[in-house]
Amino acid sequence: MYEGKFPHKRYKKTIEFLKSHVPTSAHILDLGVPNPFTEVMKEHGFSVTNTKGEDLDEDVSNIINSSAEVVTAFEIFEHLLSPYTVLKSIKADKLVASIPLKLWFSSAYRSKTDPWDRHYHEFEDWQFDWLLEKAGWKIVATNKWTNPTKKIGIRPILRWFTPRYYIVYAERV
């Protein structure tokens, strides 16, 4: 899945943030199919169920029918045409979500081979905050971090000091 570029720093920061806001006794609905981070959550004692790969822009039934106490969404909302609809459909009263942050000069990411691996939205932190608040969530805690790479170019240089990821813990208002 990561072609030799396993996101060690992102996973470390994400699990630390999750553990600081969610008890391992809470049942989690993780938006998206099972993935390597699902296994990381389980290794840290979390009880996790994933959605089934359905198009969440079209079908939120697994979200609506979930009895999970917490919903997680790690790098999911940028792929949706309507993240507002998904956020409104969540029944749980706690949400932990992360997004990759937009670089001001860069166009949205688009895989040429995988139609599921495309960003419809590339958020700035304030835009994501506004989306959450408008959908009925109160932001309790946030964090940002950089993601330096060993590649050459303007974008990789900027990622040494410009935050790449933004994570939020929010509660239903």
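How many aromatic pairs does the count come to? Keep that in mind as we walk through this predicted model; the rings come at the second-to-last stop.

**Stop 1: helix 1**

Select residues 8-21 to bring up helix 1. With 14 residues at 1.5 Å a residue, this helix should span 20 Å, and its end C-alpha atoms are indeed 20 Å apart, so the two values agree. Now colour Arg10, Tyr11, Thr14, Ile15, Phe17 and Leu18, the buried residues of helix 1. They cover an arc of only 160° around the axis, which means that they lie on the same side of helix 1. Turn to the other side of the helix, and you will find His8 and Ser20, which are exposed.

What do the buried residues of helix 1 pack against? Show strand 1 (27-30), helix 2 (36-43) and strand 3 (70-74), then add strand 4 (94-100), strand 5 (137-145) and strand 6 (165-172): the buried residues pack against each of these elements.

**Stop 2: Val96**

Next, pick Val96, whose place is in strand 4. Is Val96 buried or exposed? Its relative accessibility is 0%, so Val96 counts as buried. Show its neighbours too: leaving aside residues up to four places away in sequence, Val96 touches Phe17 and Leu18, which you have already coloured, and its other contacts include Val22, Val71, Phe74, Ile167 and Tyr169. For a distance to try in your viewer, take the C-alpha atoms of Val96 and Thr142: they are 9.5 Å apart in space, while the two residues are 46 apart in sequence.

**Stop 3: the aromatic rings**

Back to the opening question: the count comes to seven aromatic pairs. One to look at is Phe128 with Tyr166: the ring centres are 6.4 Å apart and the planes stand at 80°, so this pair is edge-to-face. The pair links distant parts of the chain, with Phe128 in helix 5 (residues 125-134) and Tyr166 in strand 6, 38 residues apart.

Both partners are worth a check with the surface switched on. Phe128 is buried, with a relative accessible area of 0%, and Tyr166 also counts as buried, at 2% relative accessibility. Now add Phe77 and Phe123 to your selection, and you have one aromatic cluster made up of Phe77, Phe123, Phe128 and Tyr166.

**Stop 4: a charge over a ring**

To finish, select Arg164 and Tyr165. The charged end of Arg164 sits over the ring of Tyr165, 5.4 Å from the centre of that ring.

Methods: Residues numbered from 1 in each chain as written. Predicted model: local features only at pLDDT ≥ 70, side-chain atom pairs only at ≥ 80, totals over all residues. Heavy atoms only, no water. Helix = DSSP H or I, 4+ residues; strand = E, 2+ residues; numbered from the N terminus. Expected span 1.5 Å × (residues − 1). Buried < 20%, exposed > 50% of the residue type's maximum accessible area, 1.4 Å probe, protein only. Arc of directions from axis to C-beta. Contact = heavy atoms within 4.5 Å. Phe/Tyr/Trp six-rings, centres within 6.5 Å; stacked < 30°, edge-to-face > 60°. Lys NZ or Arg CZ within 6 Å of the ring centre and 35° of its normal.
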